[in-house]
Amino acid sequence: MKTAIRYYSKFGHSAKMAEVVGEVAGVKPASVDTPLTGEVDILFIGAGVFLGTVNGRIKEFARSLDPKKVKKVVLFGSSALIKSPVPQMRTIFEEFGFNVAAESFTCRGAMGPVHSGHPDANDLQDLREFTKTICL
Ligand SMILES: Cc1cc2nc3c(=O)[nH]c(=O)nc-3n(C[C@H](O)[C@H](O)[C@H](O)COP(=O)(O)O)c2cc1C
């Protein structure tokens with residue numbers, strides 16, 4: 001099974017989360033600045049939220065891909081105020097015609113003192129367990 005991991009991370013949180021996904025999946029994660037080539041079975045996509053929205057680079061990345069070459073997209077992310085960045089990402093990828101897994105992962109992400117320290121070790125452990133359910 002071929003797996004890839006991409007993220008956009010303004011404050012380093014999604015990058016840290018992507019490392020955990022990568023440890024379980026046995027793949028090195030990269031930011032959305034790294035193009036995806038070839039076909040993949042699972043594409044993990046992660047992002048946080050800034051001023052209420054997921055960064056536009058996620059949409060640009062989705063546009064750069066051929067949905068026929070990606071069997072399944074699995075979304076993960078973190079946020080401080082809104083419930084999750086996942087619905088925004090789901091809309092983007094579904095609009096481009098991707099098969100987006102019903103399962104996704106969200107945890108809290110710090111905004112200054114709000115949810116300070118998140119994603120923390122427990123969040124990352126939860127993500128590890130989630131990734132196992134997808135990959136193993
Ligand atoms: C300056 C700043 C602005 C933020 N704005 C929002 C926001 O509008 N809504 C929200 O839910 N979370 C907000 N957050 C929380 C981030 O989404 C959270 O830290 C997330 O983990 C960032 O992920 P990233 O580092 O991968 O981009 C903000 C955080 C910071 C530091």
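## An exposed leucine

Let us start with one residue. Leu-51 has 5 C-beta neighbours inside 10 Å, and therefore counts as exposed; the cut-off for that class is 12 or fewer. Keep in mind as you look around that this is a predicted model.

Where does Leu-51 sit? Leu-51 is in the loop that runs between E3 and helix H2 (56-64). Its backbone deserves a look too: Leu-51 is not a glycine, yet its phi is positive, at about 50°. From Leu-51 to Leu-81 the C-alpha to C-alpha distance is 9.7 Å, with their positions 30 residues apart in sequence.

## The fold as a whole

Stepping back, you will find four helices and five strands in the protein. In sequence order they give the pattern β-α-β-β-α-β-α-β-α.

How does the radius of gyration agree with that of a compact globule? For 136 residues such a globule would come near 14 Å, and the protein has 14 Å, so the two agree. The C-alpha trace spans about 40 × 30 × 25 Å along its principal axes. Of the 136 residues, 40% count as buried. Sequence separation is informative here as well: among contacts between residues at least 6 apart in sequence, 73% join residues at least 24 apart.

## The sheet

The five strands make an open sheet, and its order is E2-E1-E3-E4-E5, with parallel pairing. Which strands form the edges? They are strand E2 (30-31) and strand E5 (100-108), each of which pairs on one side only.

Inside the sheet, strand E3 (residues 40-47) runs parallel to E4, and seven bridges join the two. If you would like a specific pair to find on screen, take Ile-42, whose bridge partner in E4 is Lys-72.

## Helices against the sheet

Two helices can be followed onto this sheet. Helix H3 (residues 86-95) packs on it, touching E3, E4 and E5. The direction of H3 makes about 155° with that of E4.

Helix H4 (residues 121-135) packs on the sheet as well, and its contacts take in strand E1 (3-8), E3, E4 and E5. What angle does the direction of H4 make with that of E5? The angle is about 170°.

## The loop between E5 and H4

The loop from E5 to H4 has some backbone features to point out. His-115 lies in this loop, and has a positive phi of about 55° although it is not a glycine. Buried or exposed? His-115 has 18 C-beta neighbours inside 10 Å, so it counts as partly exposed.

Pro-119 is in the loop between E5 and H4 too. The peptide bond that leads from His-118 to Pro-119 is cis, and its omega is near -5°. As a reminder of the background, most peptide bonds are trans, and most residues other than glycine have a negative phi.

## Around the ligand

Finally, the ligand. It has 19 residues around it, and those that come nearest are Ser-9, Phe-11, Ser-14, Gly-48 and Gly-109. Which elements give two or more residues to this shell? They are helix H1 (13-25) and strand E4 (70-79). E4 thus appears in this shell, besides being joined to E3 by seven bridges.

By class, the shell holds nine nonpolar residues, nine polar ones and one charged residue.

Key: Residues are numbered from 1 along each chain as its sequence is written. This is a predicted model: local features need pLDDT of at least 70, side-chain atom pairs count only at pLDDT 80 or more; totals for chains, interfaces and linings use all residues. A residue is near a molecule or strand if its C-beta atom, placed from the backbone, lies within 6 Å of it. Ala, Val, Leu, Ile, Met, Phe, Trp, Tyr, Cys and Pro count as nonpolar, Asp, Glu, Lys and Arg as charged, and the others, Gly among them, as polar. The radius of gyration is taken over C-alpha atoms; the globule rule is 2.2 Å times the number of residues to the power 0.38. A residue is buried if 20 or more other C-beta atoms lie within 10 Å of its own, exposed if 12 or fewer, and partly exposed in between; C-beta atoms are placed from the backbone. Two residues are in contact if their C-beta atoms, placed from the backbone, lie within 7 Å. Two strands pair if DSSP finds at least two bridges between them. Axes are lines fitted to C-alpha atoms, for helices over the stretch in contact, and angles run from 0 to 180 degrees between N-to-C directions.
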